[in-house]
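Colleague: I'm new to this one and I'd like to learn how to read it. Could you walk me through it, feature by feature?

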Amino acid sequence: MPDRSTWERFLAAARQAASQPTPLEASGRLTRLAGLVLEAQGIRAPVGSQCLIDPNPDPLAPPPPNDPAVLAEVVGFAGDRAYLMPASEMLGLAPGARVRPLPPYRPRPRLGDEPHPIVPNDRGVLRVPMGDGLLGRVVDAYGHPLDHGGPLQGVQSQPLERPPINAMNRAPIRRALDTGVRAINALLTVGRGQRLGLFAGSGVGKSVLLGMMARYTQADVIVVGLIGERGREVKEFVEDILGPQDRGRAVVVAAPADAPPLVRLQGAHYATAIAERFRDDGRHVLLLMDSLTRYAMAQREIALAIGEPPATKGYPPSAFARLPQLVERSGNGPEGGGSITAFYTVLSEGDDQQDPVADAARAILDGHVVLSRALAESGVYPAIDIEASASRVMHNVVTPEHWALARRFRQLYSRYQKSRDLIQLGAYVAGSDPETDLAIQLHPAMQAFLMQDMREGAPFDDSVQQLAEVLRPATGAAARAAAGGRA
């Protein structure tokens with residue numbers, strides 16, 4: 001029989017537990033399911049909060065083992081009705097199913113601002129695993145491992161949405177980044193902290209080019225977001241493109257095409273949040289997202305399902321508003337800290353560069369690399385259209401000599417392309433234009449310079465040196481012309 005002191009400790013613990021207030025759990029009921037939208041009544045949850053839907057309408061009965069709770073997010077409301085989008089399969093849901101909002105969290109202060117008291121927030125935003133334990137792993141949009149490597153170790157549960165950096169506290173882009181791709185290093189130089197888009201139609205080589213940059217780019221951490229793409233590409237990317245040599249410094253977030261639109265949307269945000277976490281730790285991160293178009297399509301599905309009117313080619317306004325909110329989260333951190341250099345693939349439907357998503361992405365990114373189907377069909381890989389591509393920060397990160405060589409290459413390459421039909425028909429007469437003659441002479445070397453095997457890396461300094469070698473006849477001709485003019 002327990003002694004007196006044991007009973008006293010037990011009673012003291014019971015009194016303390018009884019003195020703590022027990023919060024009442026608010027819940028509602030599922031009243032309608034139409035397409036992708038769930039309608040619930042009886043809950044007062046703000047937009048963006050997470051809810052659990054118990055398939056069993058009886059709150060006193062245990063949930064069936066084969067019908068787990070469905071995770072959903074509040075995406076809109078009308079009066080006392082809340083509209084939710086599911087993040088998992090909806091099998092087993094019935095009228096009257098119980099809807100329970102998840103508890104809220106307290107946000108951190110904005111980076112770069114003066115410290116201020118953290119106030120309670122009613123948003124029940126999802127918390128996901130973050131930390132070095134994600135390196136070498138493949139996870140879904142909620143941080144669940146997909147690689148059969150066991151539970152995650154060395155991670156912490158943190159809010160998915162992270163506060164943005166004050167624009168005046170971002171470090172400027174002043175340093176070139178070696179991507180290992182010769183054409184990009186020499187002619188479309190990328191700066192550390194830049195955001196670029198890879199624009200192309202389907203089957204032109206966007207994923208292969210992403211893989212080359214993942215293998216050869218100098219970065220501390222690689223974060224790959226496979227959003228809305230084919231499921232078979234996940235394992236192929238991990239095993240064939242990353243390989244064992246780079247997998248240890250990479251995190252892959254997979255939300256394939258068969259996932260609900262909310263999961264695809266969250267997969268992009270989760271990959272960006274992981275990159276932000278490593279940047280905040282002072283590391284240089286390479287973020288590869290395939291693709292930004294599938295992200296916009298997921299937002300279109302959600303917006304149209306809750307009744308938002310379409311605006312441009314079936315895309316509602318919220319789809320275009322979401323793009324800069326995602327893209328602006330990457331880039332450089334505060335001076336002396338880490339960085340996120342991001343590459344987003346953009347699918348141009350029908351190779352139309354005026355596709356609304358492609359046009360919107362081009363306006364908010366720091367440059368664009370356009371892949372040409374005509375070059376791919378002629379066997380040129382990577383099929384980079386130098387004339388249509390641009391890096392908006394190249395002049396800030398390269399030497400004046402490098403900048404002059406890149407401009408000269410573009411001039412001669414464009415001159416050949418403009419006269420290509422005449423040259424192929426034999427209508428061009430040699431000697432008619434010295435610049436065109438020089439472009440014809442250098443075209444085989446320029447074409448060979450742009451081509452690169454996917455298993456071949458081209459360091460930055462070697463790329464610039466090869467560019468100078470290709471243009472050596474052009475610089476010699478210019479020098480001779482200048483000497484003749486002085487004479």
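Modeller: Here is a short tour, from the whole chain down to single residues. Keep in mind that this is a predicted model.

Colleague: Let's begin with the overview. How many helices and strands does the chain have?

Modeller: There are 15 helices and 19 strands. Burial is another thing to look at: of the 487 residues, 48% count as buried. As for the surface, the chain exposes about 23100 Å², and carbon and sulfur atoms supply 55% of that.

Colleague: And what share of the contacts links residues 24 or more positions apart?

Modeller: Among contacts with a separation of 6 or more, such pairs account for 72%.

Colleague: Now the sheets. In what order do the six strands of the barrel close?

Modeller: To read a barrel, follow the pairing from strand to strand. Here the order is 1-2-5-4-3-6, with antiparallel pairing. From one strand to the next, the twist averages 45°. Take one pair as an example: strand 3 (residues 50-54) and strand 6 (residues 98-101) are antiparallel and share four bridges. In one of them, Cys 51 has Pro 101 of strand 6 as its partner.

Colleague: Which strands does helix 5 touch?

Modeller: Helix 5 (residues 261-280) packs on the sheet and touches strand 3, strand 4 (70-78) and strand 5 (81-86). Its direction makes about 75° with that of strand 5.

Colleague: What about two helices together? At what angle do helix 11 and helix 13 cross?

Modeller: Look at the axes. Those of helix 11 (residues 400-418) and helix 13 (residues 434-450) come within 8 Å and cross at roughly 110°. Angles of 65 to 115 degrees count as roughly perpendicular, and so that is the word for helix 11 and helix 13. As for who meets whom, the residues of helix 11 include Phe 409, Leu 412 and Tyr 416, and those of helix 13 include Leu 438, Leu 442 and Met 446.

Colleague: Why do residues three or four places apart in an α-helix point the same way?

Modeller: An α-helix has 3.6 residues a turn, so positions with that spacing end up pointing the same way.

Colleague: Is helix 3 largely enclosed or open, and why?

Modeller: Count its buried residues, meaning those under 20% relative accessible area. In helix 3 (residues 206-216), eight of the eleven residues are buried, so the rest of the structure largely encloses it. Among the buried ones are Leu 209, Leu 210, Met 212 and Met 213, along with Lys 206 and Arg 215. Their cover includes helix 2 (182-187), helix 4 (232-247), strand 12, strand 13 (221-227), strand 15 and strand 17 (339-347).

Colleague: Strand 17 came up there. Is Ile 340, which sits in it, buried or exposed?

Modeller: Ile 340 counts as buried because its relative accessibility is 0%. Leaving out neighbours within four places in sequence, its contacts include Gly 193, Ala 275, Arg 279, Val 285 and Leu 287. Leu 287 is 53 residues away along the chain, yet the two C-alpha atoms are separated by 6.5 Å.

Colleague: Can we read one residue in a strand? Which strands pair with strand 18, where His 368 lies?

Modeller: Strand 12 (residues 195-200) runs parallel to strand 18 and is joined to it by three bridges, while strand 19 pairs with strand 18 in the antiparallel sense over two bridges. His 368 stands opposite Gly 197, and its bridge partner in strand 19 is Ala 390. For side chains, check which way they point: His 368 and Val 370 go one way from strand 18, Gly 367 and Val 369 the other, and all are buried. His 368 counts as buried because its relative accessible area is 12%. Its side chain also reaches the backbone oxygen of Ala 388 at 3.3 Å.

Colleague: Last, the backbone. Which peptide bonds are cis?

Modeller: Check omega. One cis bond joins Asp 290 and Ser 291, with omega about 10°; another runs from Tyr 381 to Pro 382, with omega near -5°. Ser 291 is in the loop between strand 15 (284-290) and helix 6 (292-305), and Pro 382 is in the loop between helix 9 (373-377) and strand 19 (390-391). Phi is worth checking too: His 148 has a positive value, near 60°, and is not a glycine. His 148 is exposed, because its relative accessible area is 81%.

Key
Residues are numbered from 1 along each chain as its sequence is written. This is a predicted model: local features need pLDDT of at least 70, side-chain atom pairs count only at pLDDT 80 or more; totals for chains, interfaces and linings use all residues. Side-chain values use heavy atoms; hydrogens and water are left out. Two strands pair if DSSP finds at least two bridges between them. Axes are lines fitted to C-alpha atoms, for helices over the stretch in contact, and angles run from 0 to 180 degrees between N-to-C directions. Contact means heavy atoms within 4.5 Å. Buried means under 20% relative accessible area, exposed over 50%, partly exposed in between (1.4 Å probe, protein chains only). A polar contact is a pair of N or O atoms within 3.5 Å; within protein, one must be able to donate a hydrogen and the other to accept it, and residues adjacent in sequence count only if both atoms are side-chain atoms. Accessible areas come from the Shrake-Rupley method with a 1.4 Å probe; for residues, only the protein chains shown count as cover. Angles under 35 degrees count as roughly parallel, over 145 as roughly antiparallel, 65 to 115 as roughly perpendicular and the rest as oblique.
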